Structure formats: structure tokens, C-alpha cells
Amino acid sequence: MRRFGKYISPLGTITLAGDGEFLVGLWLEGQKGGAAGADIRPEKCCPGVIEETKRWLDIYFSGREPDFLPPVRFFGSPFQVRVWELLERIPYGTTVTYGGIAEKIASETGKSASARAVGRAVGQNPISIVVPCHRVVGANGSLTGYAGGLDRKRSLLALEGVNAESLPDLSRTRKNKTAARFKPSAAAVSLQTGDAIL
């Protein structure tokens, strides 16, 4: 049985879901595909993983990298779960591309994976922030979709020391077909060169 808790963050209220032993959901208020409709009452809040996640969030929002991760459990297709597992391995303060993740999956499985399919899986990540989907950027280093909103994505990256202001926002330039090309940040991590993170 899932139990829920709330956390008040600088980015708004966060809903946490745990199954007793594992964190199974973390959603920002108003996030697409979030906890809307869940029966969330204070008496349903559980100790253990919820409290551990709140402690992790306290450290994270203080501007420090937590030295532990709450235990998580994923529910999704094998492809989604693999993408989410790779997200967990993106180091604090760095970014990777959707295409880099797709290439990593293709090299592991021998089957092609598209950046678009990775993007769909990233967008359905049920455990925001702790499983850092905000660290994934477009092929040209641009900020692209984020279920919690691009302003929050930019804030999370800035909190980790990524110069998020230098990352172009494609949602603002998509109609401009002559938008300048962008050189990825030095903080970008290549997943295709055998980095230890993956």
C-alpha cells in the first residue's frame, strides 16, 4: 500500500509516495503526470523512506550534494526502467543529452533507441529530483521539456552549480527557425565515451 507525505521546498510543495521500504514517487506541485487524484492525508504519511527522503531534500535544497540516496523502486516498462536507472547515475552538477542516453542503451542492448523514446521515458520519470531527469538537456545543450516546468528545471540546475542561464530555452525559440546554434556547456557529460557514470 502506498503512503504519502508532503515536503515544502523552495520550488513549491512536493508530494512523496512510499511503499514502506522504497520511494516510489516524488512530484512537484502541478507537475504533469503527478500525484493528482491520490488519496493524500496526513494520517497516511509513513515514516522510514518518506522521512529519509525529506532529509535528502533538506540537504539538496541547502545547496549541498547529499551523500546518500533514498532507496527507490520503479514501476514501468523495461525500457522506462532502464532510462530511469541511467538517470540515477548522472552526477550532481552535470548534464547529459537524450541522444547520449539513447546511444548508451543501444550499445548495451544492440538495439537502436531513439532520443525521442528516451525523452518520453524521461518525461514519465515518477521520482523527480532524486532521480535527476532535470539533468537531461537537448542535443545542442538546450533546455527542453520538464514535467515540473522549465523554470524549475533551470532552478534545479542552478542550485547544482550548472550555469543554467547560458542554456537556451527551446520552448521560447522553437518558432524561430533561424535560432542560433548553441555549443554545449563544458559541464555536459558524454554518455557515449564509456564514462564511469554509466
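**Close-ups of helices 2 to 5**

**View 1. Helix 5 and what comes after it.** In this predicted model, helix 5 covers residues 150–159, and its buried residues are Leu150, Arg152, Lys153, Arg154, Leu156 and Leu157. So the buried set mixes leucines with arginines and a lysine, with Leu counted as nonpolar and Arg and Lys as charged. Just past the helix comes Gly161, with a positive phi near 90°.

**View 2. Helix 3 meets helix 4.** Here we're looking at residues 98–109 (helix 3) and residues 115–123 (helix 4), whose axes come within 8 Å and cross at roughly 105°. Angles of 65 to 115 degrees count as roughly perpendicular, and that's why the two helices get that label. On the helix 3 side, the contact uses Tyr98, Gly99, Ile101, Ala102 and Ile105; helix 4 brings in Ala115, Val118, Gly119 and Val122. Sorted by class, that's seven nonpolar and two polar residues, with no charged ones.

**View 3. Helix 2 meets helix 4.** Now for helix 2, residues 78–88: its axis and that of helix 4 come within 9 Å, crossing at roughly 75°. Helix 2 is therefore roughly perpendicular to helix 4. Phe79, Gln80, Val83, Trp84 and Leu87 make the contact from helix 2, while Ala117, Val118, Ala121 and Val122 do so from helix 4. The class tally reads eight nonpolar, one polar and no charged residues.

**View 4. Helix 4 with both partners.** Val118 and Val122 of helix 4 turn up in the contact with helix 3, and Val118 and Val122 are also listed in the contact with helix 2.

Key. Residues numbered from 1 in each chain as written. Predicted model: local features only at pLDDT ≥ 70, side-chain atom pairs only at ≥ 80, totals over all residues. Heavy atoms only, no water. Buried < 20%, exposed > 50% of the residue type's maximum accessible area, 1.4 Å probe, protein only. Helix = DSSP H or I, 4+ residues; strand = E, 2+ residues; numbered from the N terminus. Axes fitted to C-alpha atoms, helices over the stretch in contact; angles between N-to-C directions. Parallel < 35°, antiparallel > 145°, perpendicular 65-115°, else oblique. Contact = heavy atoms within 4.5 Å.
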